[in-house]
Amino acid sequence: MAGLRKFEKRLEKIFEGPFTKLFKGGVQPLEIARRLLREADDGRMLSVNEVLAPNYYQVNLSPGDYERLAGYFDRLTLEMEGMIIKYTSEKGYHLITRPRVKFERADNLREGEFAVDTTMEKPVGMDIPVAVRPARASGDTIGTLAFLSGENAGSSQDLEGKKTSIGRADDNDLVLQDPRASRFHAEIERTEQGYVLRDLGSTNGTLVGDRRVRERLLEDGDKLTVGETEFRFRLTERPMKRSS
């Protein structure tokens, strides 16, 4: 992370000078800028010939911070998008389009808290062959979610179908008795590349590790958080049940 620390010194010159006097409390632009660069590193994917960095960054702010920063979004967006371009270029990452930074209000966050969602936005008709390190599913393996918290802690559920929906509503495949989970919170789809987790526009977000995600190709051992319920994703070496 030496490259990131070196780049952070440049961020201080960009954001601490002009912005520190304007924003006395709550989330600081420098904090957001640092997080965006870490997300560029953490969200990178290995394509056939190059390393791809996320090109969409959604910054979720508490209502108070959103209102406080709203008048400066245009300037912050311009600075932060330029910062991502420079950083990814120096790291040797490829951006398939110009990066987009967007600020959104998140009513579930308290003042001083923020979250960043990243994704790879592909232009219409563009196909990107990606070779990541997925938790690959084969005919001899099946994905499993092991409950780490809640009333079902210690139990597990196999991901046997093409898709497994998760949420509070009774017609989900995996029903949670969790007040912080949305009715239809997330889903996990079994694909040729592996198991893909998708947030379905939930109120409180879906986490892999400590990072909020909208879509993520899962790896064996990943820790997932839906509402307040925590899971461990595992690949189990045994045949899937076949429907008759």
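Buried means under 20% relative accessible area, exposed over 50%, and partly exposed in between (1.4 Å probe, protein chains only). Helices (H or I, at least four residues) and strands (E, at least two) are DSSP runs, numbered from the N terminus. This is a predicted model, where local features need pLDDT of at least 70, side-chain atom pairs count only at pLDDT 80 or more, and totals for chains, interfaces and linings use all residues. Residues are numbered from 1 along each chain as its sequence is written, and side-chain values use heavy atoms, leaving out hydrogens and water.

**Exercise 1.** Check the length of helix H2, then list its buried residues.

*Solution.*
- Step 1: H2 covers residues 29–42, which is 14 residues.
- Step 2: the expected span is 1.5 Å times one less than the number of residues, so H2 should span 20 Å, and its end C-alpha atoms are indeed 20 Å apart.
- Step 3: the buried ones are Pro29, Leu30, Ile32, Ala33, Leu36, Leu37, Glu39, Ala40 and Asp41.

**Exercise 2.** Find which elements build the largest nonpolar core.

*Solution.*
- Step 1: a nonpolar core is a set of buried Ala, Val, Leu, Ile, Met, Phe, Trp, Tyr and Cys residues joined through side-chain atoms within 4.5 Å.
- Step 2: this one has 20 residues, and Ile32, Leu36, Val59, Leu61, Met80, Val101 and Phe103 touch the most other members.
- Step 3: H2, S3 (56–61), H4 (73–91), S5 (100–105) and S6 (114–119) each give two or more residues.
- Step 4: H4 gives the most, with 6 residues.

**Exercise 3.** Work out which strands sit at the edges of the open sheet.

*Solution.*
- Step 1: two strands pair if DSSP finds at least two bridges between them.
- Step 2: the order is S10-S9-S11-S12-S15, with mixed pairing.
- Step 3: S10 (174–175) and S15 (215–217) each have a single partner strand, so one side of each lacks a neighbour in the sheet.
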